[in-house]
Amino acid sequence: SILRLCKSEGLTTCIETSGMGSRESLHAVLEYCDIVLLDLKNMDSQRHKWGTGVANERILQNSKAIYHECKKKMRIRMPVIPGFNDSVQNIDAMCDFICNELGSDVAVDLLPYHDLGDSKLDRMEQPEAGRFESQTPTDEQMESLKARVESFGLQCHIGG
């Protein structure tokens, strides 16, 4: 309803999503959306499930639907979590997916990991879900990952 109202007033609309919703829900929301910020956390489905509790197949399929079927402008947002998804293999897999399955006009935002959400998990009575024993990546690590993404011809920013 809020997106519909904003569109009726001529405002540019944007959502941020994990991409885990049903295709029907996605299409209903995207009718009133101009830009999609989509999180990709890990390209390996088993590793994704270990870190998030769900596999990534639906997310990857939905990302293709957002871009190709719904024709929405998209930015990929990846929280960089050292030891979970900052490997060269994962970064390369993400960039290959973007270039080959989406489009080279899809920009990437690399978001340095922080543990600020842990207190929310405590309030949700999920003390172990989604917690990583990791440190915030250094500026040098982030710049190195940015250069790797850009080597694929993709636009990349650190932070969001």
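Leaving aside its neighbours within four places in sequence, Ile76 is in contact with Leu38, Leu40, Met94, Ile98, Leu102, Val106, Ala107, Val108 and Asp109. This residue offers a convenient way into the structure, which is a predicted model. Ile76 is also one of the residues that touch the most other members of the largest nonpolar core, a group of 32 residues. Leu40, Met94, Val108, Leu110 and Val149 share that distinction. Several elements each supply at least two residues of this core, namely helices H2 (23-30), H4 (57-69), H5 and H7 (139-150), together with strands E2 (35-39), E3 (73-80) and E4 (107-112). Among these contributors, H5 gives the most, with 5 residues. In soluble globular proteins, nonpolar side chains tend to be buried together.

It helps to place this core within the whole chain. The protein chain holds 7 helices and 5 strands, and from the N terminus on these elements follow the order α-β-α-β-α-α-β-α-β-α-α-β. Of its 160 residues, 40% count as buried. The chain exposes about 9,100 Å², and 49% of this area is supplied by carbon and sulfur atoms. Among contacts with a separation of 6 or more, 67% come from residues 24 or more positions apart.

A good example of such a sequence-distant pairing involves helix H5 (residues 88-101), where Ile91 has its place. Ile91 and Val149 are separated by 58 residues in sequence, yet their C-alpha atoms lie 7.1 Å apart in space. Val149 is, in turn, among the core members that touch the most others. Beyond residues up to four places away in sequence, Ile91 touches Met78, Asn85, Asp86, Leu145, Arg148 and Val149. How much of Ile91 remains accessible? Its relative accessible area is 0%, so Ile91 is buried.

His48 provides a polar counterpart to look at, and is found in helix H3 (residues 45-52). Is this histidine, His48, buried or exposed? Because its relative accessibility is 4%, His48 counts as buried, the cut-off for that class being under 20%. The side chain of His48 reaches the backbone oxygen of Val54 at 2.8 Å. Val54 also appears among the residues that His48 touches when those up to four places away in sequence are not counted; the others are Lys41, Asn42, Gly53, Ala55, Asn56, Ile59 and Phe84.

Methods: Residues are numbered from 1 along each chain as its sequence is written. This is a predicted model: local features need pLDDT of at least 70, side-chain atom pairs count only at pLDDT 80 or more; totals for chains, interfaces and linings use all residues. Side-chain values use heavy atoms; hydrogens and water are left out. Helices (H or I, at least four residues) and strands (E, at least two) are DSSP runs, numbered from the N terminus. Buried means under 20% relative accessible area, exposed over 50%, partly exposed in between (1.4 Å probe, protein chains only). Contact means heavy atoms within 4.5 Å. A polar contact is a pair of N or O atoms within 3.5 Å; within protein, one must be able to donate a hydrogen and the other to accept it, and residues adjacent in sequence count only if both atoms are side-chain atoms. A nonpolar core is a set of buried Ala, Val, Leu, Ile, Met, Phe, Trp, Tyr and Cys residues joined through side-chain atoms within 4.5 Å. Accessible areas come from the Shrake-Rupley method with a 1.4 Å probe; for residues, only the protein chains shown count as cover.
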